[in-house]
Amino acid sequence: MNKIIIRGVFFFIVIGLFLLILFRSRSPFGKTNSSFASEPREEITRIELLENGKRLTLEKKDENWFINGKHEARKSGILFILRILKEIKIKSTVSSELFESEISGKNIIPVKVKVYERRRLLKSFLVYKTGSNAYGNIMKIKQSSKPFIVYVPGYEGDIGSGFTVNELFWQPYTVFNLLPSEIASVKLENMSDTASSFSIINNNQHYFLSGAEGRLNGWDSSLIVRYISYFAWVPFESWAFKLSEAEKKSIEAQQPMFRFTVITTTGKKTVLSLWGIVTSKGNTNKIDSDRLLGKTDEKDELFIMRYFDIDPLIKKRSYFFPQ
């Protein structure tokens, strides 16, 4: 009798442990419908994004990532999306009423994401970008699956912004990346103080400084060389994608605060225009003292620049003369 009881107890313990392990390993929403994180054996090597018929591919070749097989991708952007893909977790469920009002009712088209390790598909899901939550997205594994708000633990930003098919987002955030030997001329127009404007011409490492009235004398050549060296790396902070078309046209119709014209020794010309950013506080408007809006003639989009990054180039022509 005792043996039968012991066997029965042992049987129920084994069944209990089995059920505990089974349910612990399962997602409360069903793993096939709620597991968004990619788990490669070694590393993710390709990411495909498809939105409204437009496709973008990010693929690793050797140690670098490339955009649609052409341009080298921005490293910080790749690190950002790889972190999202590996660490993404469910924050909360989304009711059918909320999904209808925020997604279906607004005709939001999802971004379809496919993640690969070489030829093996690791994960596929849909990203619905929305402003209805702080994380910037609602996601589904597939059209018929349950919707969820997802997030990355420890990151409070908009992870939905990482799923964009715009090539510009993935390219390096760089305005100038020129060695002194690559620069033929630089012109800075200061629209609010035209007497401070200047131009520099490089003739085989022999420099000439000019103002509106012509060539100038008495300047310090070491200061010219130092100034030209600042063009070795001039980054910007981010693209101003959130501006409406009307806002962009209004800004570009205004006279910029500064305009740079840089010509390389190969004849390539880049024109950079910079405008102040107007911020509102209460009933007053003021110019942002930390950031500017910029645009080059090479791209159609406006971007945001920190004064910290562009300030070394915003000099008055008096800078080049001994004090």
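Good morning. In this presentation, a residue is called buried when its relative accessible area is under 20%. The structure before you is a predicted model, and I shall begin with one of its helices.

Helix H6 spans residues 221–229, and its buried residues are Leu223, Ile224, Tyr227 and Ile228. Where do they lie around the axis of H6? They are on the same side of H6, because they cover an arc of only 135° around the axis. As general background, an α-helix has 3.6 residues a turn, so residues three or four places apart point the same way. The buried residues of H6 pack against four strands, namely E11 (183–190), E12 (198–203), E13 (206–211) and E17 (258–264).

Tyr227 leads us to the interior. The largest nonpolar core has 67 residues, and Tyr227 is among those with the most contacts inside it, together with Phe163, Phe260 and Ile310. Helix H3, residues 75–87, supplies the largest share of this core, five residues. Apart from this core lies another, of nine residues, including Val94, Tyr128, Tyr135 and Ile149.

Let us turn to Phe260. Leaving aside residues up to four places away in sequence, Phe260 touches Tyr227 and Ile310, and its other contacts include Lys187, Leu188, Leu272 and Leu313.

My last example is Ser35, found in the loop between helix H2 (31–34) and strand E1 (46–51). Is Ser35 buried or exposed? Its relative accessible area is 19%; the limit is under 20%, so Ser35 counts as buried. Beyond residues up to four places away in sequence, Ser35 touches Lys123 and Ile141.

Thank you for your attention.

Definitions and conventions. Residues are numbered from 1 along each chain as its sequence is written. This is a predicted model: local features need pLDDT of at least 70, side-chain atom pairs count only at pLDDT 80 or more; totals for chains, interfaces and linings use all residues. Side-chain values use heavy atoms; hydrogens and water are left out. A nonpolar core is a set of buried Ala, Val, Leu, Ile, Met, Phe, Trp, Tyr and Cys residues joined through side-chain atoms within 4.5 Å. Buried means under 20% relative accessible area, exposed over 50%, partly exposed in between (1.4 Å probe, protein chains only). Helices (H or I, at least four residues) and strands (E, at least two) are DSSP runs, numbered from the N terminus. Contact means heavy atoms within 4.5 Å. The arc is that of the directions from the helix axis to the C-beta atoms.
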